[in-house]
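Student: I've got a model open and a few things I'd like to talk through. Can we go over it together?

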Amino acid sequence: MSGAHAISGTRAFLVRRLIALLVVTAVAVTTLLAAYYGVSRNPRAVTDRSTPAILQVAAAIDALTASYDEARRSIASPTAEFEGLSEEYRDKLSTAKQSLAQVSKSTIGGESARGSLRTCAALVTSYGDTVEQAYANRDNPTLRGAYLGYAGSILRHGHSGILDRLRAVQDRQFDVLDDQTSFGWLLSFAWWLLVPGLFLTLAALLVHTQRFLRHRFRRLVNPWLAAATALLVALLPLAVFTYQTQDRLESARASLTRSDIGRTGGPTAREVARTMRNAHWQAGAVGWIPVGGAVLAVLILVGLQPRIDEYRFQPR
């Protein structure tokens, strides 16, 4: 009778342990997948969406600021009657219009930012027309000053001016960028506590199970469970990838929040692209996490199921 109870108890333990291992594996792998995806999804968004949008708004701000000073200089020039508004002014105005047209299609600031950009595009047209009127009345100091003053007001007046509107859009863009490049408390909790805790629990269960099997079945090692335990080491390169990706995201944020990005758009975009290049292939590792989880579950099942089957038919 005692032998039957021992057999029954061994089988019950193994069934419970198999269920526990599979449940902890599922939870650990799911948590790892969510934690890794939380970091790896951002490099592409920063490179493809945030960087061009931020640089285009910065370029528009810089171009419009320079255009007004150039317009005043050009209109006051002794050769204004023959040369017209300078090529420099027209280039700056064209740059601003093109930047606004591009960024309004794909801004990262949401619908409110797109609305602000559409308003800015209309105001830039009014600003350009007003500068043209100032040039047309260049020989009349009163009208010329009035038109230039109105153009300056369109550009710089309080919260309703073009530049302040664009800076507000830029602030919203930086908020999005900060969310994309910051680790945050949730990811910190997942990577520092939840993922290590779950995988250490899984490792402890696997080691304890192997010790039980060695004692109960007199076999030195269960190769399947040993392989499952070894597979947990794959967590280490994923943790390294996460650290490297986060470091690159923070470097990209530093590049995009410099004060001179309006004048250095091209070099800044290339700098961000170089910084994030390796992060893109590391992000692809997210697809291997569920595969690794499935392999881990199969190894556990193959390692324990035959031992359970040995006790399927118990003595009456």
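Tutor: Sure, one term up front: buried means under 20% relative accessible area, exposed over 50%, and partly exposed in between (1.4 Å probe, protein chains only). This is a predicted model, where local features need pLDDT of at least 70, side-chain atom pairs count only at pLDDT 80 or more, and totals for chains, interfaces and linings use all residues. Residues are numbered from 1 along each chain as its sequence is written, and side-chain values use heavy atoms, with hydrogens and water left out.

Student: Is Arg114 buried, partly exposed or exposed?

Tutor: Check its relative accessibility against those cut-offs. The value is 24%, so Arg114 counts as partly exposed.

Student: Which residue forms a salt bridge with Asp62?

Tutor: A salt bridge needs a side-chain nitrogen of Lys or Arg within 4 Å of a carboxyl oxygen of Asp or Glu. Here the closest N and O atoms are 3.3 Å apart. The partner of Asp62 is Arg263.

Student: How many residues apart are Asp62 and Arg263?

Tutor: Helices here are DSSP runs (H or I, at least four residues), numbered from the N terminus. That salt bridge pairs Asp62 with Arg263. Asp62 is in helix H2 (residues 42-76), while Arg263 is in the loop between helix H10 (235-256) and helix H11 (265-283), and the pair is 201 residues apart.

Student: What separates Glu111 and Arg114 along helix H5?

Tutor: Those two also form a salt bridge, with closest N and O atoms 3.2 Å apart. They are three residues apart in helix H5 (residues 110-136), so the separation is about one helical turn.

Notes
Helix = DSSP H or I, 4+ residues; strand = E, 2+ residues; numbered from the N terminus.
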